[in-house]
Structure formats: structure tokens, C-alpha cells
Amino acid sequence: MSGGNGSLVSVRRLKKYFPIMRGTIIERHVGDIKAVDDVSFDIIKGETLGLVGETGCGKTTVGRTILRLYEPTDGAIIVGGINLADVTGGDLRRMRRQMQMIFQDPYASLNPRMTVGSIIAAPLEVHDIVRGKEKHERVQELLQMVGLNPYFVNRYPHEFSGGQRQRIGIARALALNPDLVICDEPISSLDVSIQAQVVNLLEELQEKLGLTYLFIAHDLSMVRHISDRMAVMYLGKIVELTDRDEIYLNPLHPYTQALMSAVPIPDPDVVDKRKRIILEGDIPNPANPPVGCNFNTRCPVAEEICFKEEPEYLEVKAGHWASCHLIKPEGI
Amino acid sequence: MEALLQVKNLTTRFYTDEGTVHAVNGISYDMEAGETLGVVGESGCGKTVHALSIMRLIPTPPGKIDAGEIIFDDGRDLLKLSPGDMRLVRGAEIAMVFQDPMTSLNPVFTVGSQIVEALKIHFGMAETEANKRAGELLDMVGIPAANNRLNDFPHQFSGGMRQRAMIAMALSCDPKLLIADEPTTALDVTIQAQIVDLVRRLQSQLGMAVMWITHDLGVVAELARKINVMYAGYIIERGDVHSIYKRTRHPYTIGLLGSLPRLDEVPGTKLVSIPGLPPDLIALPQGCPFYARCTYRLDQCLEEMPPLEPADEEGHIVACWRWEHVAGRKN
């Protein structure tokens with residue numbers, strides 16, 4: 001399931017617009033919320049690609065559209081040479097075996113009326129992979145893998161804490177031996193000490209099973225911790241994508257710079273030494289994004305061109321993509 | 001310096017059908033005028049219940065403040081005030097900003113009218129005067145075109161603006177103490193930076209004391225001068241902000257700091273997680289509540305809760321039988 005140059009998934013010019021409808025009986029299409037607007041990136045086999053951004057920037061929509069939980073409006077999702085955007089029916093279901101998701105809310109994503117055993121076995125049944133005793137053994141193995149006692153198989157979700165429920169969600173995602181796991185804010189509803197447990201578990205599993213992660217979260221420190229590369233989204237677009245160290249040490253886009261400087265570091269000694277960029281205002285309405293660069297309403301360094309033309313998303317240095325008029329590409 | 005707030009042996013419990021929840025278990029500390037105190041801990045550690053106890057906002061029943069004194073300002077014990085007198089303290093002398101700006105504003109009244117209400121009650125201002133003051137307050141917290149926004153309803157404000165409006169409301173009566181309960185948890189990081197910056201600026205302008213309650217050790221490192229670390233309803237460590245981060249003495253605080261990735265970390269760092277879960281507050285163990293998760297534990301810890309004892313001359317106190325081993329003083 002791999003494309004060219006080691007990439008597992010290639011996303012090209014992906015768009016997902018949600019229509020805004022008016023009228024009750026005769027509905028009219030009056031506009032679009034451009035949740036994902038022309039996004040391109042690769043997920044390389046075995047890596048963790050972190051996707052960060054603020055509320056409403058479209059990061060969750062990207063994850064869901066890759067899995068075809070949302071129908072893409074335009075663009076391609078290429079997996080093993082096949083464009084997932086065109087696949088339908090049974091073929092789509094077979095391809096989904098390779099891609100699974102861990103959801104944000106471990107309280108809402110587990111059916112309260114199903115036992116842990118049947119929750120984890122559900123994907124095995126849907127895809128008819130194993131039956132009977134073998135299925136039972138696989139469930140026990142998965143529980144053990146995520147650090148839960150296999151003895152818990154007949155318990156219900158409400159008997160578990162948030163961190164344990166998230167482990168159940170992870171076991172379910174791993175049941176089909178996927179290549180890609182999309183982790184959509186898997187730790188944001190957990191307490192700090194439990195977050196570390198779950199992140200350590202995800203790292204161990206990646207090493208053991210050779211998984212590829214798309215890790216979606218708003219906590220920059222945690223995303224930087226777990227990722228090999230990071231993409232920063234703003235208002236439906238990726239503004240910058242590069243290596244985890246490069247993006248911290250040498251962020252090029254003004255939004256990335258502001259975002260990095262806004263993250264608190266738990267060390268009173270570094271507080272006074274850091275340069276702070278405090279952005280003014282809020283994220284604009286995605287139904288009515290500004291003309292030109294969509295960051296121009298908050299950008300501290302915007303120039304005339306930024307209010308007229310949309311910047312292109314370019315590889316400005318080897319392995320470092322950004323979309324900003326003020327960044328000059330270096331020798332490529 | 002004279003203490004603004006003295007909390008003495010505060011004990012708050014909830015009597016429920018399942019049993020007695022020991023939410024706050026005899027905590028004591030002082031806060032000076034103008035000081036910024038960070039109260040840090042995970043969900044269910046009693047940090048919010050302790051703040052609500054100070055404000056006397058514990059729903060009774062099932063909650064009850066079973067013991068303790070809260071000496072405020074000129075020596076009044078807030079727990080002994082009549083409900084009427086307490087109402088004059090709330091808002092006017094101690095104000096509170098809550099976590100969720102979406103639910104703490106009333107959706108059917110305009111933002112302006114909600115600020116004006118407090119001004120009328122506490123200062124007896126007339127409508128026009130109160131409106132003018134409300135506009136000034138919104139302007140002070142950085143809402144653009146403040147006077148025009150007074151007639152907006154809360155849904156017309158973004159999350160960050162709602163939290164600003166809540167802060168404006170809290171500051172309307174010039175309180176001596178502002179209690180901020182997870183005020184930035186529901187907000188994005190760039191908006192959080194705006195609010196932190198705002199509170200810091202207002203504090204130096206107005207000279208009030210701020211109690212910042214949070215689970216985020218990052219935010220309080222930027223704001224607070226003193227830190228209380230809470231666990232299972234106890235203060236388990238307290239000290240100056242530098243001392244807490246640099247000379248950490250309690251195994252729980254060490255675990256909490258280790259669980260937190262740093263943006264400036266070097267690659268390959270592994271998070272030090274704390275195994276297990278916090279204890280059930282209905283069935284608290286007899287000894288140290290952290291025993292089950294602690295890597296330094298002894299049999300003694302199971303039998304007896306360690307008292308808070310001074311770890312140095314600078315006022316760093318810690319509740320651990322083995323803090324000297326933990327801090328690397330002894331092996």
C-alpha cells in the first residue's frame with residue numbers, strides 16, 4: 001500500500017466544502033464553508049505526521065475526508081496508486097481496512113450497550129476476518145497490547161476511566177492491522193498524567209507494529225513530541241509543513257511563529273527570555289474568508305500584496321513547504 | 001506583609017447516596033495582597049471545590065463545608081458571614097471567572113445588561129452611568145468598538161471575547177481578589193496568550209491579587225509567583241514558582257512535570273507518565289493518597305498521611321515522608 005517516494009498516502013489539492021442552505025421547502029445553495037481548501041501533502045510510511053491548528057481550522061475534516069467519512073468536494077487521496085476519492089462500495093470498504101481512526105471523545109465513541117469484547121470484535125466481524133475462538137483470541141491479544149487486562153472483555157465502557165476507554169478505542173483501531181491510523185485529538189479530553197500514558201502507548205505500538213500516524217491535535221508541545229514532521233493549518237489551508245525540529249527552530253510563516261510563541265513552556269526561567277508574538281483578533285469566518293492571504297486580518301507583517309493575491313503553497317527549502325508571499329524560496 | 005486571604009484547615013465534603021466525597025481535606029495557606037497564586041492539579045483534585053468554598057458557592061446539600069476558616073482582608077471569617085453580607089463580598093471584593101465562557105453568560109440578555117446589573121447592585125449606579133462604565137470596562141479588556149458591542153448578545157461574541165466580557169464583569173467592582181478557574185482551558189492557544197497577557201496587564205494596573213486555577217503547568221509558569229499543587233483534596237506541595245519547577249520535591253509534582261512535553265524539548269525525549277489513576281474520593285486511603293501511583297513509596301506511606309513540612313527556608317513546603325530522597329538529598 002505505498003505510493004512513490006515512500007509515501008503511504010498522497011493528498012493532492014483536497015477540498016471539502018460544506019454547503020450553506022437557506023429556505024425551508026425550496027432550499028437554495030447560498031454559499032460554502034470552506035473547511036478544507038486546496039490542501040496537498042504526503043504521509044510517509046512509518047512516520048508520524050502531526051497536524052496542528054486552532055479550532056475550526058479544518059484539521060479534523062482533513063482526517064475524516066482522507067478516510068472518506070466525508071465525501072471530498074475535489075482533489076485526490078492517492079493510496080497505493082489508487083485514488084480513494086473515486087473508489088466506491090465494496091472496494092472502499094476493503095481499502096478502509098488499511099486505515100483506521102482513533103476518536104477524540106472516548107465517552108461518545110464507544111457504544112455504551114456493547115461490551116468491550118464486542119466493540120473490539122466489531123471490525124473483525126464487519127470485514128469477516130476471523131470467527132469463533134480465533135476472534136476471541138484476537139480480542140484478548142488486542143486488549144493485552146493496549147495494556148488492559150484481557151479479563152475485562154465482558155465489561156461495559158462505563159466501568160472504565162477516560163484513559164482506559166481511549167485504550168479500548170486504540171484496540172478497536174488496531175484490530176484490522178491497519179497501515180495508517182488517524183488519531184483525531186486522541187488525548188485532549190484526558191488529564192495530563194493520563195495523556196502521557198496514552199502517548200507513550202501510541203509510540204510503543206508504532207515501533208512494534210510499524211504503524212503510520214496522522215496525529216491531529218491542537219496541543220503543539222504534544223504534537224511536536226510525537227511527530228516526525230508537522231503541518232500547521234489555518235482556515236482550511238496548510239500554511240507550513242516541515243520537520244519537527246525545523247518548525248520549532250526555524251518557523252517561516254508568521255502564523256507558525258505566533259503559534260509557537262504563544263505556547264506556554266513549563267519553566268519559569270525561559271518565560272522572560274522568549275519573544276512573544278501576540279496575535280490580535282480571532283479566526284475569520286470560514287464561510288467568508290478574507291480576500292488574498294487568509295491570514296491577512298491578523299498577520300503582523302502583512303504587505304499590500306497579501307490583501308490582493310492568495311499565496312502559493314511552495315517548497316521553499318528542501319522538505320520545507322510554506323504559503324506566504326513574504327517567504328523567498330531558497331535555491332530550489 | 002499582611003495576608004489578604006488566610007485559608008485555615010478548609011474541609012469540604014459532599015454527602016451523596018454513594019458515600020461521602022472527600023473533596024477538600026483540611027487545606028491551609030495564605031495569600032498576600034496583589035499576589036498571583038497558581039493552583040495546579042488534575043480533574044477531581046479539589047481545586048475548583050476549594051475556590052467555590054471560598055466564595056461560599058458550594059451547593060448545599062449535598063455539599064457542606066465541614067470545618068475551617070477563611071479569613072479575608074480585615075479579619076472577617078467568610079464562613080461566618082450571613083448570606084446577605086456574603087453577597088456583598090462576592091463580586092465586590094472577591095470576583096470569579098469561570099472556565100466555560102459559553103455557559104457562564106446568560107444567552108437571553110445582552111452582554112452590556114449583564115455587566116450593568118453588577119454595577120447597579122453594588123454601586124447603586126443609574127442606568128446611563130452604569131452603561132457608560134460598562135463600555136469603559138469592555139474597552140479596558142480590549143474589545144474593539146466597545147460601546148457598540150454592549151447591545152450584542154453572547155452568541156455574537158467569539159469564545160475569547162466572551163472570556164474578556166467575563167473578566168470585564170469580574171473587574172466591574174474593583175475586587176481585591178480575582179479567582180480565575182481554568183479561564184483559558186476552553187480557548188485556543190493564541191487566544192489564551194491574549195487572555196494571559198490581559199490579566200497580567202490588568203493586575204499591574206489595578207493591583208488585585210489573582211488566583212489562577214489550572215491543570216496546565218505551562219500557563220502558571222508564566223503568571224504565578226506562588227504555586228499550590230493539589231492532589232486528592234490535599235495541598236501536597238507549595239512554594240515559590242521557581243522552587244516548584246526547579247527544586248521539585250513531591251513525586252506527584254515530578255510526575256506531572258514529566259508528563260508534560262515541552263515545546264523546546266530535544267528529540268527522543270520520553271514522557272515520564274504516572275502509572276494508574278487518582279484515588280476514589282469516596283474511599284480515600286488512610287495514608288498518603290498518592291501511595292498507589294508512587295515509585296518512592298514505603299510501608300509508612302500506607303499507614304499515615306505525611307504532614308506538610310518545610311523543605312527549605314524560602315517557604316517551600318511538601319507533604320511526603322521521603323521528600324529528601326525524592327529531591328536527591330539522601331539516597
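# Exercises on a predicted two-chain model

In chain A, strand β9 (residues 229-234) and strand β10 (residues 237-243) run antiparallel and pair over six bridges. Keep in mind that this is a predicted model. Grab the structure and work through the tasks below.

## Exercise 1: the sheet around β9 and β10

Task: find which residue of β10(A) stands opposite A:M233, then work out the strand order of the open sheet in chain A.

Solution. Start at the pair itself: A:M233 faces A:I238 in β10(A). Now walk outwards in both directions. You should get eight strands in the order β6-β7-β8-β3-β9-β10-β12-β11, with mixed pairing. The walk ends at β6 (99-102) and β11 (314-317) of chain A, the edge strands, each of which pairs on one side only. From one strand to the next, the twist averages 20°.

To finish, see what lies over the β6 end. Helix α5 (residues 162-174) of chain A lies across β6 and β7 (180-184) of that chain, and runs at about 175° to β6(A).

## Exercise 2: α3 against α5 in chain A

Task: describe how helix α3 (residues 116-126) of chain A packs on α5(A).

Solution. What do you need to quote? Two packed helices are described by the angle between their axes and the distance between the axes. Here the axes of α3(A) and α5(A) cross at roughly 30° and come within 7 Å. Angles under 35 degrees count as roughly parallel, so α3(A) is roughly parallel to α5(A). The crossing is right-handed.

Next, list the residues. α3(A) brings A:V116, A:I119, A:I120 and A:P123, while α5(A) brings A:I168, A:A171 and A:R172. Sorted by class, this contact has six nonpolar residues, no polar ones and one charged.

## Exercise 3: across the chains

Task: do the same for α6 (residues 192-209) of chain A and α10 (residues 251-259) of chain B, then step back to the whole interface.

Solution. The axes of α6(A) and α10(B) are 8 Å apart, at an angle of about 50°. The two helices are therefore oblique to each other, and their crossing is left-handed. On the α6(A) side you'll find A:V192, A:S193, A:Q195 and A:A196, which meet B:G255, B:L256 and B:S259 of α10(B). The contact of α6(A) with α10(B) divides into three nonpolar, four polar and no charged residues.

Now zoom out. In total, 36 residues of chain B are in contact with 33 residues of chain A. On the chain B side, α7 (189-206), α8 (217-223), α9 (241-246) and α10 each supply at least two residues. The largest share, six residues, comes from α7(B). By class, the side of chain B that touches chain A has 16 nonpolar, 12 polar and eight charged residues.

## Exercise 4: a helix inside

Task: decide how far helix α9 (residues 254-262) of chain A is enclosed, and say what covers it.

Solution. Go residue by residue. The buried ones are A:P254, A:Y255, A:T256, A:A258, A:L259, A:M260 and A:A262. That is seven of the nine residues, so α9(A) is largely enclosed by the rest of the structure. For the cover, look at both chains: it includes α7 (220-226), β9, β10 and α8 (244-249) of chain A, together with α7 of chain B.

## Exercise 5: both faces of a strand

Task: take strand β6 (residues 94-97) of chain B and work out which residues point to each side.

Solution. In a regular strand the side chains alternate between the two faces of the sheet. In β6(B), B:I94 and B:M96 lie on one side and B:A95 and B:V97 on the other, and all are buried. Both faces are covered, then. For the neighbour, β6(B) pairs with strand β7 (residues 177-181) of chain B in the parallel sense over four bridges, where B:I94 has B:L177 as its bridge partner.

## Exercise 6: backbone oddities

Task: look up the peptide bonds at B:P61 and B:P62 and the phi of A:N177 and B:D174.

Solution. Begin in the loop between α1 (47-54) and β4 (63-72) of chain B, home of B:P61. The bond from B:T60 to B:P61 is cis, with omega near -20°, and another cis bond joins B:P61 and B:P62, with omega about 10°.

Then phi. A:N177, in the loop between α5 and β7 of chain A, is not a glycine, but its phi is positive, near 55°. B:D174, in the loop between α6 (159-171) and β7 of chain B, is not a glycine either and has a positive phi of about 55°. Exposed or partly exposed? A:N177 has 12 other C-beta atoms within 10 Å, so it is exposed; B:D174 has 13, so B:D174 is partly exposed.

Technical notes:
Residues numbered from 1 in each chain as written. Chains lettered and ligands numbered in written order. Predicted model: local features only at pLDDT ≥ 70, side-chain atom pairs only at ≥ 80, totals over all residues. Axes fitted to C-alpha atoms, helices over the stretch in contact; angles between N-to-C directions. Parallel < 35°, antiparallel > 145°, perpendicular 65-115°, else oblique. Left-handed = near helix turned anticlockwise from the far one by under 90°. Contact = placed C-beta atoms within 7 Å. Nonpolar A, V, L, I, M, F, W, Y, C, P; charged D, E, K, R; others polar. Pairing = 2+ DSSP bridges. Buried ≥ 20, exposed ≤ 12 C-beta atoms within 10 Å, placed from the backbone.
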